[in-house]
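Dear colleague,

Please find below the structure that I am handing over to you. My notes on what was found in it follow directly after.

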Amino acid sequence: MDNRYRRDNEMAYFSDESVISEQMEAKKELRKYNDVMPFDAKQGRACIDKIGLKHGSSVYFEPPFYCEYGSHIEVGENFYANTGCIMLDVASIKIGDNAFFGPNVAIYTAGHPIHPESRNSGYEYGISVTIGDNVWIGGNCVIVPGVKIGNNVVIGAGSVVTKDIPDNVCAAGNPCRVIREITDADKPYYYKNRKFDDEIWNKINHS
């Protein structure tokens, strides 16, 4: 088995010349993307498409954005990532619709063996990460390999997500844990105990 096959099937693999050459092609396009955005959105979109990043009609990464390949990333409709987003997409990263990322969100599918002799061999791995629909991930969060985050989830700023998070919850901390459920009682509020004014509330209810 070659190392690209091993990498793509979540097996231990080695970053040989064929693996590195794929990364180099992505890095060229990412450098262009980070240079032109946000001033030339058409060219920026072309860079994202060239690395094979799959996306809906509305996608935006505030520069700088960094990934390993791009071709292992899939985002849904209405995706937004603030500045400093890192996606180490050795394995697949799949993100649903209406996902919002704060600044400096990092998704790591890449990892290395724990034992030093095994780690020093140079073999590494990638385990996929999945994020559902309507998810907001606060600034400076880290999501580690193998994590699955459900639908309608809010991850508090600065969290380190090491385990799966179920649907419809607020979660935060290091390690990240469920704080509480999100319910319809939260809908009238935009921040803690501050309610939307009537003008905005009417727009939300009729959208």
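**Findings in the predicted model**

Asn140 lies in the loop between β13 and β14 (142-143). Its phi is near 65 degrees, a positive value in a residue other than glycine. Please bear in mind throughout that this is a predicted model.

A positive phi is also found at Asn134, where the angle is near 60 degrees. Asn134 is placed in the loop between β12 (129-131) and β13 (136-137). With a relative accessible area of 37%, Asn134 is partly exposed, because that value falls between the limits of 20% for buried and 50% for exposed.

Two peptide bonds deserve your attention as well. Met37 and Pro38 are joined by a cis peptide bond, with omega at about 5 degrees. Pro38 belongs to the loop between α2 and α3 (41-50). A cis peptide bond also links Asn174 to Pro175, and here omega is about 0 degrees. The loop that holds Pro175 runs between β18 and β19.

I turn next to the pockets. The largest pocket has a volume of about 800 Å³. Its lining is made up of 21 residues, and those nearest the centre of the pocket are Trp136, Val154, Cys170, Ile182 and Asp186. Three strands each give two or more residues to this lining, namely β18 (169-172), β19 (177-181) and β20 (189-191). Sorted by class, the lining of the largest pocket contains 13 nonpolar, 5 polar and 3 charged residues.

For the second largest pocket, the volume is about 170 Å³. Among the residues that line it are Arg7, Glu22, Glu25, Lys28, Tyr69 and His72. Helix α2 (residues 17-36) provides the largest share of this lining, with 5 residues. The lining of the second largest pocket divides into 3 nonpolar, 2 polar and 6 charged residues.

One of the residues lining the second largest pocket, Arg7, may be described further. Arg7 is part of helix α1 (residues 3-8). Is Arg7 buried or exposed? Its relative accessibility is 2%, so Arg7 counts as buried, the cut-off being under 20%. The side chain of Arg7 makes a polar contact of 2.6 Å with the side chain of Glu22, and Glu22 also belongs to the lining of the second largest pocket. Leaving aside residues up to four places away in sequence, Arg7 touches Tyr13, Val19, Glu22, Tyr69, His72 and Val90.

Lastly, there is the nonpolar interior. In soluble globular proteins, nonpolar side chains tend to be buried together. Which residues have the most contacts inside the largest nonpolar core? They are Phe65, Met87, Phe101 and Ile149, in a core of 41 residues. Helix α2 gives the most to this core, with 4 residues. Helix α2 thus appears in two places in these notes, as the source of the largest share of the second pocket's lining and as the element that gives the most to the largest nonpolar core.

Met87 may serve as an example from within the core. Not counting residues up to four places away in sequence, Met87 touches Phe61, Phe65, Tyr66, Cys67, Glu68, Ile73, Phe79, Ile93, Ile95, Phe101 and Ile107. Two of these partners, Phe65 and Phe101, are listed with Met87 among the residues that have the most contacts inside the core.

With kind regards

Methods
Residues are numbered from 1 along each chain as its sequence is written. This is a predicted model: local features need pLDDT of at least 70, side-chain atom pairs count only at pLDDT 80 or more; totals for chains, interfaces and linings use all residues. Side-chain values use heavy atoms; hydrogens and water are left out. Buried means under 20% relative accessible area, exposed over 50%, partly exposed in between (1.4 Å probe, protein chains only). A polar contact is a pair of N or O atoms within 3.5 Å; within protein, one must be able to donate a hydrogen and the other to accept it, and residues adjacent in sequence count only if both atoms are side-chain atoms. Contact means heavy atoms within 4.5 Å. On a 1 Å grid over the protein atoms alone, a cavity is a set of points where a 1.4 Å probe fits but cannot get out, and a pocket is an open set with protein on both sides within 12 Å along at least five of seven lines; lining residues have an atom within 4 Å of a point. Grid points are joined across faces, edges and corners, and a volume is the space filled by probe spheres set on the points. Ala, Val, Leu, Ile, Met, Phe, Trp, Tyr, Cys and Pro count as nonpolar, Asp, Glu, Lys and Arg as charged, and the others, Gly among them, as polar. A nonpolar core is a set of buried Ala, Val, Leu, Ile, Met, Phe, Trp, Tyr and Cys residues joined through side-chain atoms within 4.5 Å.
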